[in-house]
Amino acid sequence: MKPVLEFDNIHRAYKAGEDVLAGVTFSLREGEVLGLLGRNGAGKSTLIRIAMGLIVPHQGTVRVFGAEPTGDPVGVRRRIGYVAEDQVLPPAATIAELIAFHKMLFPKWDSTIEADLLDRFSLSRGEKIRNLSKGQARQVALLCALCHRPELLILDEPAGGLDPAARREFLEASIQLLNREGSAILFSSHHMGDVERLGGRIILLDQGKVALDDDLDNLREGISLAFLPASSGRQQTIAAMPGCLRVHEANGELHAIFRGAPDSVSARLYAATGGAAIRCGQAPLEELFVEMVGGRR
Amino acid sequence: MSLLFPLMRRDPIWRFMPFAVLAGFGALALDLKSPALQGGIAGIVGSLYMAFLGQARIHERASTFEAALPIDGRDLLRARLASLLLFLWLPVAVALLVCLWFGPAQAVRLAWPLGSAAMAASATVVLLQLYGLPRIGVAKAVALAAWLSVLVICIAVAFLVHPEPGATSPLLGLAAIGLLIAAGAFRAWPKSSLALQLSPVELQRADLPASAATTGDPGSWVVLLRSLLNTQTTVWFGFAAFYPLLNNFVMPLCFVPGYVTGAYMSLRWMFPLPISRRRILGVILLPFLALYAISAMVNLTWGIGSDGDQAIDPRPAGLRLASPWWKHVAAGETPVVQAPWGETHSPQIKRVWLVRSYNPWETGPENSRQFRDWQFRRATQAVFGQEVDWADRARLDDLRPLNRRPVENILNVAALLFLSMFLVSFILIPRWSRISHLPAPVRKYGVMALLLPFVAALAFSPILAEPLGNTGILDVFSMAWADTVRANPVAAWSTVLLVLWLMYALLGKQFSELEPDNQPASAKGRSPFGGGLFS
Amino acid sequence: MQLFINPAGELSIYRQIMRQITEAIAAGRLKPGDKLPSHRDLAEQIVVAPLTVKKAYDELESGGFIETQRGRGTFVAESAPRPDAVEAPAQLKAAARNLLAQAYLSGLGMREATAALRDAEREMANERRLREKES
């Protein structure tokens with residue numbers, strides 16, 4: 001299948017010499033759901049803005065629907081729905097006016113979805129954007145992003161700062177889109193629960209690079225977290241073992257992340273360390289995230 | 001009260017200080033070199049202040065960050081007011097101090113226009129601050145009383161300083177009444193509400209009644225107009241239309257950066273949408289430029305306040321000449337005008353910074369009447385394209401100087417539009433993706449450094465030679481066009497259209513390569529200026 | 001049938017779906033021939049990506065718990081499911097470890113744990129009988 005979105009060796013810095021992105025490569029297939037994870041400042045928003053053609057990479061190429069997003073911004077954006085945490089909507093406009101404007105811009109605008117979402121979010125058309133709560137404003141943004149049935153939905157931390165009920169409504173609307181259109185979704189989020197629900201593929205950005213790129217279920221079942229007592233030289237030994245993703249020390253214990261099932265990992269660790277006391281198991285996404293990128297900065 | 005100084009120190013207005021000081025010096029330089037400008041100085045300084053104040057969102061007296069700290073709201077208000085007033089008066093003080101160095105007479109001469117500009121700006125600041133009071137919960141009556149009293153005092157002070165004969169005593173009474181109301185309002189203030197503490201938060205979510213639901217389908221472009229025409233940009237539009245009619249063709253140029261910044265910030269929500277950047281640029285720029293061009297053209301053609309008829313001012317002692325007709329002379333050389341019969345005169349040389357120029361048709365007291373008549377005929381030939389005898393000098397009122405012919409007007413307006421776009425292109429440079437890999441300070445200050453020669457070129461150019469008309473800048477640019485272009489309307493039009501189209505196309509290209517924000521806002525924190533181009 | 005999904009749980013979501021459906025079959029809440037919601041409907045219902053639900057259905061189908069009839073939908077299989085030779089014992093062992101850990105935590109031993117297992121079996125059998133009587 002043709003990729004919807006391709007990043008090839010993307011570099012980008014805001015301050016000279018400090019690359020936020022230092023060689024990111026991956027692509028998104030049609031209908032694929034991809035969750036971008038990473039710490040604050042890991043470059044998720046930067047990558048997403050590059051995909052939107054809002055900023056340009058300093059090195060590498062980006063292709064959306066096979067074209068450069070800065071080459072044909074109008075054509076590319078007509079097929080994308082975009083919601084971001086820091087999105088600005090025109091405060092003086094009413095919801096109806098904003099919708100009318102979007103209708104003009106997106107030929108594929110679907111008024112039944114519009115009516116459905118307005119009803120579900122209980123938004124009134126005459127309300128001015130500036131009088132909306134944060135959650136409502138984000139719902140308006142989502143409505144504008146979904147009603148033209150985008151082939152690619154880009155959500156940059158869409159649920160940041162929203163209450164759990166609003167976040168769930170957000171998810172519901174996205175999942176309906178997946179059901180109806182089979183659109184590809186690229187999203188970034190810090191809510192691991194939301195990430196698990198949207199599922200699909202996970203990419204973890206760390207220090208400007210792709211640290212993990214795997215199916216969510218493979219991550220949950222094919223990666224093990226092991227704890228063992230720290231001793232001199234042990235950290236290096238473990239770091240050198242094949243399949244070791246990261247090992248670091250915290251509270252006098254070594255935390256090691258390995259590819260593989262817990263049983264085989266603990267057996268290998270047992271052999272390599274000469275019989276250390278090892279606890280090994282699978283980790284929920286949140287733990288995995290913390291263990292992979294935590295304590296670094 | 002002890003908090004006042006630390007609070008003032010972290011007031012966001014200080015970021016504009018370099019610009020304000022530059023403006024102060026610019027005004028000073030203008031004034032020192034062209035005393036003819038007298039009143040104009042106040043206008044320039046005042047307008048620059050307006051530009052800064054428009055950027056600084058003075059109605060917000062504290063950031064949300066400060067409002068969350070355990071600081072009395074009244075302290076915040078005091079600190080904000082004090083900073084704003086200090087900001088307004090500091091450049092004036094600097095300018096006056098520098099003038100004292102030149103001599104006390106200069107300082108006294110400057111004190112009035114600069115002071116009145118700062119005074120007007122201060123009054124605006126205070127009035128705007130007070131205007132916001134009802135919105136943050138202070139009793140309306142108290143706020144209105146405070147507002148009115150300040151207004152009355154301002155008017156009274158203005159008249160007292162500039163007394164009208166016989167009007168002094170009633171005005172004194174008026175001032176006294178104003179002071180009384182002010183005192184009452186001041187005493188009532190602290191009791192009226194603690195809501196001052198909440199000002200920034202409250203201002204952000206002003207309790208406006210929810211508008212009635214509109215049933216009809218609003219036009220799709222309504223939202224664009226609503227976003228573009230906010231309070232700030234509307235003021236800029238007003239300036240673009242207003243100043244050229246007042247014969248000040250250059251001032252809107254100073255406002256172009258402010259306007260574009262404001263409009264850019266209001267329309268940046270459209271950037272992720274499938275709408276081309278060139279179109280957004282058109283929406284931002286074309287109405288503004290059209291207004292500017294129409295206003296300038298109307299004044300140039302029908303001369304609401306045109307000084308074209310004063311290109312030559314014949315006086316018994318000789319003739320005064322508008323700046324475009326002065327000639328340059330290299331350092332060390334002495335120009336000499338010699339009549340065919342051998343009579344000579346060496347015109348006085350006016351120096352503006354490095355530029356030396358002289359009036360080539362000057363006559364001195366030692367010259368004969370015949371020499372004067374000869375000079376006058378030559379001057380009219382050069383300025384009006386036909387010889388006029390000294391005896392017929394009343395005819396000059398009906399003649400149109402060469403630099404005010406329709407074709408010249410077109411060229412001049414085109415020059416203004418070109419300059420506007422040039423300035424816009426300039427202020428957009430820091431956000432241009434092509435230089436995004438450069439270090440931030442280079443991007444930020446490099447632009448200012450690049451702008452300096454431009455400003456210097458303007459500052460050192462002969463237009464500053466006296467007597468300076470406000471239209472002087474136009475002539476400099478129109479004189480630069482080739483004579484062939486001027487002689488032929490078709491050539492003029494095609495040149496103008498080509499050059500403007502080229503500039504607009506380049507600007508469009510640059511605009512479509514802008515990066516909306518240098519960094520995700522979440523990483524940057526909220527700027528108290530709402531992230532303007534200066535921040 | 002209402003599923004309860006806990007994203008922070010130890011099992012991945014598709015396994016949670018699988019487990020809850022097999023449990024429902026084991027407890028008789030779902031009987032052979034019962035129609036299951038389509039994977040898209042279930043996805044919207046429990047707010048989980050449709051592909052995740054589809055994966056759970058596919059695994060269940062290959063395990064013989066459910067079967068898809070083209071154009072008609074997904075149904076609980078008529079015949080008893082074949083136990084998964086590799087996966088099932090491992091899962092059972094993990095569950096047994098949990099049970100024993102719980103027992104030791106409460107100061108109980110192997111005997112009490114075995115008794116609890118028998119009790120649970122009796123309860124489930126009871127439940128099934130009651131349901132059968134109802135229908």
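Select chains C and A together: they bury about 1600 Å² between them, 47% of it on carbon and sulfur atoms (buried area is the accessible area, with a 1.4 Å probe, that two parts lose on being put together, summed over both). The model is predicted; local features need pLDDT of at least 70 and side-chain atom pairs pLDDT 80 or more, while totals for chains, interfaces and linings use all residues. Residues are numbered from 1 along each chain as its sequence is written, chains are lettered from A in the order in which they are written, and side-chain values use heavy atoms, without hydrogens or water.

Next, colour C:Pro7, C:Glu44 and C:Val47, which lose the most area to chain A in chain C, together 36% of what that side buries. In all, 20 residues of chain C are in contact with 17 residues of chain A (contact means heavy atoms within 4.5 Å).

Then display the side chains of C:Arg15 and A:Glu221, which form a salt bridge at 2.6 Å, N to O. The rule finds 3 salt bridges across this interface (a side-chain nitrogen of Lys or Arg within 4 Å of a carboxyl oxygen of Asp or Glu).

Finally, turn to the sheet of chain C, where 3 strands lie in the order β1-β3-β2 with antiparallel pairing (strands are DSSP runs of E, at least two residues, numbered from the N terminus; two strands pair if DSSP finds at least two bridges between them). β1 (35–36) and β2 (66–69) of chain C stand at the edges, each with a single partner strand, so one side of each has no neighbour in the sheet. Select C:Leu36 to find its bridge partner in β3(C), C:Thr74.

Conventions: Helix = DSSP H or I, 4+ residues; strand = E, 2+ residues; numbered from the N terminus.
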